[in-house]
Amino acid sequence: MMEYIGATGVPVTFESVPVKDGIDFYFILSFAIDADSTGDPQNGVFSPYWAPSLTPESVAAIKQEHPNVKALASLSGWSLNDKVLQWYDPEDPEEWISNGVSSLQSLAKTYHLDGIDIDYESFPHPNSSFAYCIGELITRLKNQSIITTATIAPYYKTAEPYIELFSRYSTVIDYVNHQFYTDRVRTPRGYLAAFKLRAEQFDGEKLLPSYEVNGRGIQGDAFFDALKLLEEKEFDVNGVMIFSADASASNGYYYEVQSQNFLLNSTTTS
């Protein structure tokens with residue numbers, strides 16, 4: 001189970017989110033950004049911009065209360081304040097990677113992080129150094145035991161650079177949090193078609209269905225009908241990604257509870 005949290009700035013808390021035993025639950029803190037407060041690039045030096053309520057102490061507390069909880073930092077996201085964030089090719093990729101390793105090591109130690117999620121969403125230049133820089137960043141973080149988990153979060157407009165990243169560095173990428181809600185499919189059969197396409201582009205075993213609360217794409221219990229259809233068509237539903245806990249507070253975290261129930265029942269019956 002993967003849950004983005006802290007992206008909107010509302011004072012959301014970990015303890016308000018229902019976490020069930022018997023399932024790996026990843027909170028994805030949103031976002032760590034290699035930019036200053038005005039959005040200007042900082043050459044791989046990442047800083048936390050998630051909700052201030054998500055303190056290092058609160059991360060430690062939720063992990064102590066629920067040993068099945070892990071915490072990731074999502075890198076970049078769509079924007080910072082009103083500025084759209086873009087992948088920029090660093091002048092010296094090795095320096096960018098080195099800075100990234102150092103700054104994320106510091107963040108991981110401070111916030112008790114287990115991993116990172118890659119969520120760059122704007123690529124002004126094709127054939128960039130994105131795949132190399134991000135692939136090497138993940139590889140070195142793992143080789144130095146700074147993180148244990150790495151995920152990527154492509155959507156339909158960013159499939160190409162993420163396919164290149166995955167094809168070159170799939171061995172160090174654990175899950176693909178594809179943003180299926182950006183495909184704007186509204187029915188279970190439409191969701192199945194979208195999942196089939198992404199499973200061909202990425203590893204279907206690592207690909208997670210996703211849901212945006214009160215947002216785009218399939219909504220309501222039709223999402224769970226889609227998960228059942230995926231299983232009927234012999235896809236392994238190995239997890240669910242939800243965006244986000246910030247929005248779920250308004251509906252009592254219904255989708256988090258139902259997603260975990262689905263995954264637990266699927267695990268029990270498989």
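What follows is a chat between a trainee and a mentor about a predicted model.

Trainee: Let's start with the helices. At roughly what angle do the axes of H3 and H4 cross?
Mentor: H3 covers residues 130-143 and H4 covers residues 159-169. Their axes come within 9 Å of each other. That pair is oblique, and the angle is roughly 45°.

Trainee: Which residues of H4 does H3 meet?
Mentor: On the H3 side you'll find Phe130, Ala131, Tyr132, Ile134, Gly135, Glu136 and Thr139. By class, this contact has eight nonpolar, two polar and three charged residues. The H4 residues that H3 meets are Pro161, Tyr162, Glu164, Leu165, Arg168 and Tyr169.

Trainee: Now H2 and H3: are they oblique or roughly parallel to each other?
Mentor: H2 runs over residues 93-111, and the H2 and H3 axes come within 9 Å. They cross at roughly 40°. Angles under 35 degrees would count as roughly parallel, so this pair misses that class. H2 and H3 are therefore oblique.

Trainee: And what is the handedness of the crossing of H2 and H3, left-handed or right-handed?
Mentor: Look at the contact between Pro93, Glu94, Trp96, Ile97, Gly100, Val101 and Leu104 of H2 and Tyr132, Cys133, Ile134, Glu136, Leu137, Arg140 and Leu141 of H3. Those residues divide into 10 nonpolar, one polar and three charged. The crossing of H2 and H3 is right-handed.

Trainee: How many polar residues are in the contact of H5 with H6?
Mentor: H5 (residues 188-201) and H6 (residues 222-232) have axes that come within 8 Å and cross at roughly 50°, and the crossing is right-handed. H5 brings Pro188, Arg189, Tyr191, Leu192 and Phe195, while H6 brings Ala222, Phe223, Asp225, Ala226, Leu229 and Leu230. By class that gives nine nonpolar and two charged residues, and the polar count is no residues.

Trainee: On to the open spaces. Which strand supplies the largest share of the lining of the largest pocket?
Mentor: The largest pocket holds about 530 Å³ of space. Strands S2 (25-33), S5 (79-80) and S11 (241-243) each supply at least two residues of its lining. The largest share is three residues, and it comes from S2.

Trainee: Which residues lining the largest pocket are closest to its centre?
Mentor: There are 23 residues in that lining. They split into 13 nonpolar, six polar and four charged. Closest to the centre are Phe31, Trp78, Ser79, Glu121 and Phe243.

Trainee: Which residue does a cis peptide bond join to Ser30?
Mentor: Most peptide bonds are trans. In this model, one cis bond follows Ser30, with omega about 10°. The partner lies in strand S2 and is among the residues closest to the centre of the largest pocket. Ser30 is joined to Phe31.

Trainee: And where does Ser244 lie?
Mentor: Ser244 takes part in a cis peptide bond with Phe243, with omega about 0°. Phe243 is also among the residues closest to the centre of the largest pocket. As for Ser244, you'll find that residue in the loop between S11 and H7 (245-248).

Trainee: What is phi of Ser76, roughly?
Mentor: Most residues other than glycine have a negative phi. Ser76 lies in strand S4, residues 69-77. Its phi is a positive value in a residue other than glycine, near 85°.

Trainee: Last one. Which strand gives the most to the lining of the largest cavity?
Mentor: The structure holds one cavity of 30 Å³ or more, and about 30 Å³ of space lies in the largest cavity. Its lining is made of Phe180, Tyr181, Val185, Tyr191, Ser210, Tyr211, Glu212, Arg216, Gly217 and Ile218, which divide into six nonpolar, two polar and two charged. Tyr191 also turns up in the contact of H5 with H6. With three residues, the strand that gives the most is S10.

Key:
Residues are numbered from 1 along each chain as its sequence is written. This is a predicted model: local features need pLDDT of at least 70, side-chain atom pairs count only at pLDDT 80 or more; totals for chains, interfaces and linings use all residues. Side-chain values use heavy atoms; hydrogens and water are left out. Axes are lines fitted to C-alpha atoms, for helices over the stretch in contact, and angles run from 0 to 180 degrees between N-to-C directions. Helices (H or I, at least four residues) and strands (E, at least two) are DSSP runs, numbered from the N terminus. Angles under 35 degrees count as roughly parallel, over 145 as roughly antiparallel, 65 to 115 as roughly perpendicular and the rest as oblique. Contact means heavy atoms within 4.5 Å. Ala, Val, Leu, Ile, Met, Phe, Trp, Tyr, Cys and Pro count as nonpolar, Asp, Glu, Lys and Arg as charged, and the others, Gly among them, as polar. On a 1 Å grid over the protein atoms alone, a cavity is a set of points where a 1.4 Å probe fits but cannot get out, and a pocket is an open set with protein on both sides within 12 Å along at least five of seven lines; lining residues have an atom within 4 Å of a point. Grid points are joined across faces, edges and corners, and a volume is the space filled by probe spheres set on the points. A crossing is left-handed if the near helix is turned anticlockwise from the far one by less than a right angle, and right-handed if clockwise.
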